[in-house]
There are 2 protein chains.
Amino acid sequence: MNTGKVTLVSAGPGDLDLLTFRAAKAIAAADVLLIDDLVNDEITTLKAAHARVIKVGKRGGCKSTPQAFIQRLMRRYALQGRHVVRIKGGDALLFGRAGEEIADLRSAGIDVDIVNGISSGFAAAAGLGVSLTHRDHCQGVIFVTAHLRDGSEPDWEKLAATGMTLAIYMGASRIEGISEALGKTLPVDTPAAVVQWAGTSREKRVCATLGEIAARAASENIASPAVILIGGAIGEGVAQLAARSESMCRLSA
Amino acid sequence: MNTGKVTLVSAGPGDLDLLTFRAAKAIAAADVLLIDDLVNDEITTLKAAHARVIKVGKRGGCKSTPQAFIQRLMRRYALQGRHVVRIKGGDALLFGRAGEEIADLRSAGIDVDIVNGISSGFAAAAGLGVSLTHRDHCQGVIFVTAHLRDGSEPDWEKLAATGMTLAIYMGASRIEGISEALGKTLPVDTPAAVVQWAGTSREKRVCATLGEIAARAASENIASPAVILIGGAIGEGVAQLAARSESMCRLSA
C-alpha cells in the first residue's frame, strides 16, 4: 500500500468566499478532513461524498482535542494511503502549531503540502479599510501572539520600540494588560482597534486610542476570537470611518 | 449619474489558483481593471468581456506609472459611475500604497472595498514547508520593507532584538548589507532563506545561514522580486528539506 499524504489547508477567516481556489480543490480531493476549531462548518460542503470529516477542536469551555492525538490521526490515515486534509483557520503558517505537525509527519516519511490562506489580521484591516503598513506611519507590521507557551508575555517594550504596526493575536482576554504595557513605550493616543470574528458576517469592531481601547472593548463585549491592531496606520481608517460617521468605529479620544 | 466604486483586489503571489473566490468575483464584476506590476497577466481571463484593462506598472527598467496618475485614473472612472477594480500583487494591505489610494478615493467621496490575498512571505514559507512562527523559536513574525521612502534603512538592530522571524520584502538587491546589519545582533548561524517569485511556477529558493545567505543568493542569481526570511523557525524547513536531500535548499554552513 502506498503512503498517502497530508495537505495543510488554510481556511482563511471563515467566509468560504475568502478561500483560495487551491484550498477548495484540496478539500474536494481529500479522503479524510480534520477540521480545526474556529473553521466555518460550511466548508464541508466542498468535500467529496466519500470523505470522512473529523472535528478536532471544541469551543465553549470544552477541552480541545489534544495536539498529540491530532498528529496520530493524521499519521494513521496517511500511512493507510489516504489523502488527509487538515484544515486550519486563517493561514496555517501563522500561529497554528503547523511547525510541529509538519515535523511530526515528515519524520514518519509522510509528504506534507501547504495551502496558504488569509490570516485574520489582514481581514481585520480590510474591514477597517486600512493598510497595515501605510508608509506615512511605519515600515512594516508585527504579527505576535499574546498567548505564550510558558504563560509569560511577549516583550511589549521591544515590540513597541520598532515603530511597526502591531497585530496581536489571542490577546482579547488580556487587552487591559497589553495596552498598559504598550503604553509605557507608545503614546496613549496611538490609534488602536479590536476586531472580533474578522472577515466573517459576525465581524464586530471597536476603535479607540491605546489608552481607551481596553475599556471600549469591554463595554462593547468584544471577546475571543479577536485581533488587536495598534499603530498610526490603523488611525487612517479610524479617522476616515469617523468622517463618514460610522458610529461602530469612532475615535473615542 | 451615480458614483461608481473602487475595489482593491489582492491577486496573491501570481498563480490564479491562489486567488480567493471573492477576488475572482470582484474581477468578473469590474468595468475597468487597473493592473499593477508583478500581477500575472492571465488574471484578465477572469474579467467580463466589456471590461477595459489598463496596466499601471512596467517592468524591465521602465519607469512605473506614477502613483498620482493611477489615483487620478481610479477617481475618474469611479466618478463616471464605473466599478473600478485595482489589482495588486500579494495582499493589497501590505506594502502597496493602498493607504494612500484609499485616502485619496475617500476624500473624493468614492467607496472603497478591499479583498485580501496571499502575501509573498506566506507563499515563501509554504514553499519551504515551514511555519513562520514555530513556537519552539519565536512568538511572531515581522513583515518589513527594506525599501524606505527616504532611502534609509529600517533599524535592523531593533527588529533583530525582538526575536521574531523576519520577512523582509524588497531587500534582494541589498541583501549583503541587510544580513551584515542583522549579524550584529543575531548569530551568524541563524537560518535564512531567499525566495524569488514565491508562490509561482517560477519560484526559486536558496537557504543558508545568515552569514552566508548573501553569497549564496548571489551565486544562484536570486534577484527581485524576492522575500528574505530569517529566524530559527525557517531553519526547521531547511533541516527537513536537507534531510530529504533536496539540494535546492540545503544549509550551506
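This is a dialogue on reading the contact between two chains, and some local features, in a predicted model.

Colleague: Start with the contact between the chains. How many residues does each chain give to it?

Modeller: Keep in mind that the model is predicted. Chain B contributes 57 residues and chain A contributes 57 residues.

Colleague: How much area do chain B and chain A bury between them, and what part of it is on carbon and sulfur atoms?

Modeller: The two chains bury about 5100 Å² between them, and 57% of that is on carbon and sulfur atoms. On the chain B side, the residues that lose the most area to chain A are Phe21(B), Arg135(B) and Gln139(B). Together these three account for 14% of what that side buries.

Colleague: How should I read the charged pairs?

Modeller: The general idea is that side chains of opposite charge can pair when their charged atoms come close. Here, eight salt bridges are found across the interface of chain B and chain A. One of them joins the side chains of Glu100(A) and Arg135(B), at 3.0 Å from N to O. Arg135(B) was also named above, among the residues of chain B that lose the most area to chain A.

Colleague: How many residue pairs are in polar contact across the interface?

Modeller: There are 24 such pairs, counting those with both residues at pLDDT 80 or more. As for where the chain B side comes from, several elements each supply at least two residues, including helix 1 (21-28), helix 3 (98-107), strand 5 (111-115) and strand 6 (140-145). Helix 4 (120-128) and helix 5 (156-161) of chain B also each supply at least two. Sorted by class, the side of chain B that touches chain A has 29 nonpolar, 13 polar and 15 charged residues.

Colleague: In what sense does strand 6 of chain A pair with strand 6 of chain B, and over how many bridges?

Modeller: Strand 6 (residues 140-145) of chain A and strand 6 of chain B pair in the antiparallel sense, over five bridges. To find the place in the structure, look for Val141(A), which stands opposite Phe143(B) in strand 6 of chain B.

Colleague: What turn and what shift lay chain B on chain A?

Modeller: A turn of 180° with a shift of 0.0 Å along the axis does it, with an RMSD of 0.0 Å. That is the relation of a two-fold axis. The same surface serves both copies, as 100% of the contact residues of chain B recur in chain A.

Colleague: How many salt bridges are there over all chains?

Modeller: A search of the whole structure gives 30. In chain A, the side chains of Asp104(A) and Arg75(A) meet in a salt bridge at 2.8 Å, N to O. Asp104(A) lies in helix 3 (residues 98-107) of chain A and Arg75(A) in helix 2 (residues 67-79), so the pair ties together parts that are 29 residues apart in sequence.

Colleague: Which residues are joined by a cis peptide bond in chain A?

Modeller: Ser224(A) and Pro225(A) are, with omega about 0°. Pro225(A) is in the loop between helix 7 (213-219) and strand 10 (226-230) of chain A. In chain B, a cis peptide bond joins Ser224(B) and Pro225(B), with omega about 0°.

Colleague: Which loop holds Arg97(A), and what is its phi?

Modeller: Arg97(A) is in the loop between strand 4 (83-88) and helix 3 of chain A. Phi of Arg97(A) is near 60°, a positive value in a residue other than glycine.

Colleague: Where does Gly96(B) lie, and which residues does it contact beyond its neighbours within four places in sequence?

Modeller: Gly96(B) lies in the loop between strand 4 (83-88) and helix 3 of chain B. Leaving those neighbours aside, Gly96(B) is in contact with Lys88(B) and Glu101(B).

Definitions and conventions: Residues numbered from 1 in each chain as written. Chains lettered and ligands numbered in written order. Predicted model: local features only at pLDDT ≥ 70, side-chain atom pairs only at ≥ 80, totals over all residues. Heavy atoms only, no water. Contact = heavy atoms within 4.5 Å. Buried area = accessible area lost by both parts, 1.4 Å probe. Salt bridge = Lys/Arg side-chain N within 4 Å of Asp/Glu carboxyl O. Polar contact = N/O pair within 3.5 Å; in protein donor to acceptor, adjacent residues only side chain to side chain. Helix = DSSP H or I, 4+ residues; strand = E, 2+ residues; numbered from the N terminus. Nonpolar A, V, L, I, M, F, W, Y, C, P; charged D, E, K, R; others polar. Pairing = 2+ DSSP bridges. Least-squares fit on C-alpha atoms with pLDDT ≥ 70 in both.
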